[in-house]
2 protein chains.
Amino acid sequence: MLHILPEIDNSQALTERQKAVLDAALRLLVEEGDQLTMTAVARRASCSKETLYKWFGDRDGLLTATVQWQASKVRVAPVDGKGLDLASLTASLERFASDWLKVISSDTSIALNRVAVGHAGSGKDNLGAVVLENGRFALAKRLKPVLEAGRQAGWLDFADAETAFRTFFGLVARDVQIRLLLGDRLELTEAAIGGDAARATQQFLALFGAKTGRKADS
Amino acid sequence: MLHILPEIDNSQALTERQKAVLDAALRLLVEEGDQLTMTAVARRASCSKETLYKWFGDRDGLLTATVQWQASKVRVAPVDGKGLDLASLTASLERFASDWLKVISSDTSIALNRVAVGHAGSGKDNLGAVVLENGRFALAKRLKPVLEAGRQAGWLDFADAETAFRTFFGLVARDVQIRLLLGDRLELTEAAIGGDAARATQQFLALFGAKTGRKADS
DNA sequence: GGCGAACCGTAACGTACGGTACGGCTGGTC
DNA sequence: GACCAGCCGTACCGTACGTTACGGTTCGCC
């Protein structure tokens, strides 16, 4: 019995009890990876398996609901203002970079991406699409307006926002996510993340900064 | 019965028949993802399960052997010469970028990374380490001498080869691998790969090209 | 107080699959 | 030709887990 996902977001249709159950499933997913069992979820959430099946259909439904539930929690404020000076643009980019590094290095993100990657192999559900939509594509959607504003203000110079975004993405993430997903220990301290965010931002500005208006300190 | 991996490479200890079996397992892995069964491998390879268990110990042993077998096939020539002019350096970098994009977008690599990521969750074996060692770290090991040579010749300027490599890695891979692993369709044509390789190389040179000796065409 | 819906806990069922055992075939050795 | 090692095909075993079923409890509602 395949459940077709509602278009975007059904996290509001969840009762408090259901959210609590999904939180339990999420914790279990982080702790045990994809081999979490329905029995374990029921026990952890102090609910019956019958209830799990009634609410979520089957195991894949539960997994999907869990991923969507986590995704709905991450949704952030949609980029505040168009501060037009270079300093605030730089700060915005650094903030995005730092936030993104924190996300992809979090236990939750790693666990979710792992299960989604595993399921993408046998394409019976679209966990991968959900994760992608709420991760990399959501990031693009939030960052592009900043890039466009930077271009409007004359600080940035690029032809295609998508291409510019992907370069920024690469400069920020580098090999971090794949290494973490493959189990590489790679402790990212607060300080290291801040440094990486600053470096990536400077590199991005070096590549896409407009000819005019640069040379802030030389 | 856990089998400890020999230090680096035991692909030479395999008989032709064993290689054929591993090739069958590899094809099955690409086709079916991680839920390939021992029975399916035996049938595909026209061998008995008893033989599989005798040769590889258990399912994880077979998986590990399969991953290592594929890895042993990818090993490439260790970077030819130190062509010292900028053109050959650029060509080398583009070649690395192009090769890497081809690898990570291949069905085989995607399947292998998926199973390794899945297993990294429940850390009972080190598939992730094997994949990482033969992928991202092997690439670094081959590329760093090129970067060092470029620095020696005065074309590149960087403090740490590792950092420079990771930036190059990010510029080349961007979001490609994670999107493919998560099931995003993302057809990389030969032409697109070539273009991306050239772009990444130019960006890398813009960031790490030495002040002297640049400006080839302006 | 009676009633039904929702839900908990647990037992039970069916199946898929990892792992083992065994009989038969082949090919090499003496 | 006797013998034996290695391997194929298949049947078999045990278990884990997804899924279903059911008795008992709580809680609103009349």
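What follows is a friendly dialogue on reading the two protein chains and two DNA strands of this predicted model.

Me: Let's start with the two chains. How many residues of chain A are in contact with chain B?

Reply: Begin with the contact count and then look at the area. Here 36 residues of chain A are in contact with 36 residues of chain B. Between them the chains bury about 3,100 Å², with 67% of it on carbon and sulfur atoms. Arg166(A), Arg174(A) and Leu182(A) supply 23% of the area that chain A buries against chain B, more than any other three residues.

Me: And how many salt bridges does the rule find across this interface?

Reply: A salt bridge is read from a side-chain nitrogen of Lys or Arg within 4 Å of a carboxyl oxygen of Asp or Glu. By that rule there are four across the interface of chain A and chain B. In one of them, Asp175(A) pairs with Arg136(B) at 2.1 Å, N to O. Polar contacts have their own count: six residue pairs between chain A and chain B, both partners at pLDDT 80 or more.

Me: Which elements of chain A give two or more residues to the side that touches chain B?

Reply: For chain A, they are α6 (107–121), α7 (127–134), α8 (136–152), α9 (161–173), α10 (176–181) and α11 (190–208). The most comes from α9(A), with seven residues. Sorted by class, this side of chain A has 16 nonpolar, eleven polar and nine charged residues.

Me: How do I read the symmetry? What turn lays chain A on chain B?

Reply: Look at the rotation, the shift along the axis and the fit together. A turn of 180° with a shift of 0.0 Å along the axis lays chain A on chain B with an RMSD of 0.1 Å. That is the relation of a two-fold axis. To find the axis in the viewer, go to Gly170(A): of the residues of chain A, its C-alpha comes closest to the rotation axis, at 2.1 Å.

Me: Why can I say that the copies meet through the same surface?

Reply: Compare the two lists of interface residues. Of the interface residues of chain A, 100% are also interface residues in chain B, so the copies meet through the same surface.

Me: On to the DNA. Which residues are closest to DNA strand C?

Reply: List the neighbours, then ask which part of the strand they meet. DNA strand C is surrounded by 16 residues, the closest being Arg17(A), Glu50(A), Thr51(A), Lys49(B) and Glu50(B). Of the strand C atoms within 4 Å of the protein, 56% belong to sugar or phosphate and the rest to bases. On the base side, a side-chain N or O atom of Glu50(A) is 2.9 Å from a base nitrogen of strand C, and one of Glu50(B) is also 2.9 Å from a base nitrogen of that strand. On the phosphate side, a backbone N or O atom of Ser48(A) lies 3.3 Å from a phosphate oxygen. The largest share of the surface near strand C, four residues, comes from α3(A).

Me: Which side chains reach a phosphate oxygen of DNA strand D?

Reply: Check the side-chain N and O atoms one by one. Among them, Arg17(B) has one 2.7 Å from a phosphate oxygen of strand D, Thr51(B) has one at 2.9 Å, and a polar side-chain atom of Tyr53(A) lies 3.4 Å from a phosphate oxygen. Both α3 (49–56) of chain A and α3 (49–56) of chain B give two or more residues to the surface near strand D. The largest share, four residues, comes from α3(B). By class, that surface has five nonpolar, four polar and seven charged residues.

How values were computed: Residues numbered from 1 in each chain as written. Chains lettered and ligands numbered in written order. Predicted model: local features only at pLDDT ≥ 70, side-chain atom pairs only at ≥ 80, totals over all residues. Heavy atoms only, no water. Polar contact = N/O pair within 3.5 Å; in protein donor to acceptor, adjacent residues only side chain to side chain. Nonpolar A, V, L, I, M, F, W, Y, C, P; charged D, E, K, R; others polar. Contact = heavy atoms within 4.5 Å. Buried area = accessible area lost by both parts, 1.4 Å probe. Least-squares fit on C-alpha atoms with pLDDT ≥ 70 in both. Near = heavy atom within 4 Å.
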